[in-house]
Amino acid sequence: MIKSLVLYSSVTGNTEKVAKRIAEVSRRKGHDVAIVKIDDETNVDLLAYDLVFLGSAVHQWLPTNMLMNYVKRMLKTYFTSSVVVPCCPIRPGKYAVCFCTYSGPHTGVSEAIPATKWMRAFLEHVGFTVLEEWHTVGEFKNREENSTKGRLGNIKGRPDEHDLAEIEDRVIGILNALKLCDFSL
Ligand SMILES: Cc1cc2nc3c(=O)[nH]c(=O)nc-3n(C[C@H](O)[C@H](O)[C@H](O)COP(=O)(O)O)c2cc1C
């Protein structure tokens, strides 16, 4: 059985919706899933899991400070324990997906891409093979203009059921693909 982790940072609830859907569908498919919202004390060791979904809201084109501080804490541990070394090893059976929610008010999805690339770089340093990067549109709460007059038009209420159904399909696609892997390696 694949041991999965959904680890995320969310301020206004959009990324949390996506994270919860990822966990729900994984459980429905019979997987052992932990779901953790990052806070100041989070210290989860990613290497305890086979499949990691790492997600964040986009703030100024990057993940939230909460997520980036978690990454910086973990990097210290991983450097000290020689998990991260020059020529980082690619660890067999360790897979990851990065996801974010974003509003793209100024330039659209290009505002979100740096955030998933940032998370990807971290995961690859730890030895995960990053399979995909997902960018889901999310309403910019408390900033009406950014949700109605931005580059993506009217994004109120998103992520909506359609967005979440797409996430569900993507999770199922990944889980089906990983059935072909030998996690005992
Ligand atoms: C302080 C702040 C900065 C943000 N910066 C960006 C940004 O640079 N690009 C973008 O597309 N969305 C930006 N957003 C919008 C959020 O990424 C978007 O609404 C997201 O879905 C919020 O996720 P959450 O509800 O999980 O916190 C920002 C929101 C806040 C509150």
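Q: Which elements are included in what covers the buried residues of α1?
A: This is a predicted model, in which local features need pLDDT of at least 70, side-chain atom pairs count only at pLDDT 80 or more, and totals for chains, interfaces and linings use all residues. Residues are numbered from 1 along each chain as its sequence is written, while helices (H or I, at least four residues) and strands (E, at least two) are DSSP runs numbered from the N terminus. A residue is buried if 20 or more other C-beta atoms lie within 10 Å of its own, exposed if 12 or fewer, and partly exposed in between, with C-beta atoms placed from the backbone; on that basis the buried residues of α1 are N14, T15, V18, A19, R21, I22, A23 and S26. With two residues in contact if their C-beta atoms, placed from the backbone, lie within 7 Å, the cover over these residues includes β1, β2 (32-37), β3, β5, β6 and α5.

Q: How far apart are the end C-alpha atoms of α1?
A: The expected span of a helix is 1.5 Å times one less than its number of residues. For the 15 residues of α1 the expected and modelled values agree, with the end C-alpha atoms separated by 21 Å.

Q: What pattern of helices and strands does the protein chain follow along the sequence?
A: The chain contains five helices and six strands. Read along the sequence, these elements are arranged as β-α-β-β-β-α-β-α-β-α-α.

Q: What is the radius of gyration of the protein chain?
A: The C-alpha trace spans about 50 × 35 × 25 Å along its principal axes. The radius of gyration is taken over C-alpha atoms, and the globule rule is 2.2 Å times the number of residues to the power 0.38. Because a compact globule of 185 residues would have a value near 16 Å, the chain agrees with the rule at 16 Å.

Q: Which element gives the most residues to the largest nonpolar core?
A: A nonpolar core is a set of buried Ala, Val, Leu, Ile, Met, Phe, Trp, Tyr and Cys residues joined through C-beta atoms within 7 Å. The largest one has 41 residues, and those with the most contacts inside it are V6, I22, V52, L54, A96 and L123. Two or more residues come from each of β1 (3-9), α1 (14-28), β3 (51-59), α2 (65-80), β5 (95-102), α3 (113-126) and α5 (161-178). With seven residues, the element that gives the most is β5.

Q: Which residues, outside its neighbours within four places in sequence, does L123 contact?
A: L123 is one of the buried residues of α3, which pack against β3, β4, α2, β5 and β6. Leaving aside the neighbours within four places in sequence, L123 touches V52, L54, A96, C98, F128 and V130.

Q: Within what arc do the buried residues of α3 fall?
A: The buried residues of α3 are A115, T116, M119, F122, L123 and V126. The arc is that of the directions from the helix axis to the C-beta atoms. Seen down the axis of α3, these residues line one face of the helix because they fall within an arc of 120°.

Q: Which exposed residues does α5 carry on the face turned away from its buried side?
A: The buried residues of α5 are D163, I167 and V171, and they line one face of the helix, since they fall within an arc of 80° seen down its axis. Their cover includes α1 and β6 (129-137). The face turned away from the buried side carries E161, H162, A165, D169, G173 and N176.

Q: Is L5 buried or exposed?
A: L5 lies in strand β1 and, leaving aside neighbours within four places in sequence, is in contact with A34, V36, V44, L46, Y49 and V52. Because L5 has 23 C-beta neighbours inside 10 Å, it counts as buried.

Q: Which residues are joined by a cis peptide bond?
A: P159 lies in the loop between α4 (144-148) and α5. The bond in question has an omega of about 5°, and it joins R158 and P159.

Q: What is the approximate phi of W61?
A: W61 is found in the loop between β3 and β4, and it counts as partly exposed because 16 other C-beta atoms lie within 10 Å. In the loop between β3 and β4 (62-63) there is also Q60, which is not glycine and has a positive phi near 45°. W61, likewise not glycine, has a positive phi near 75°.
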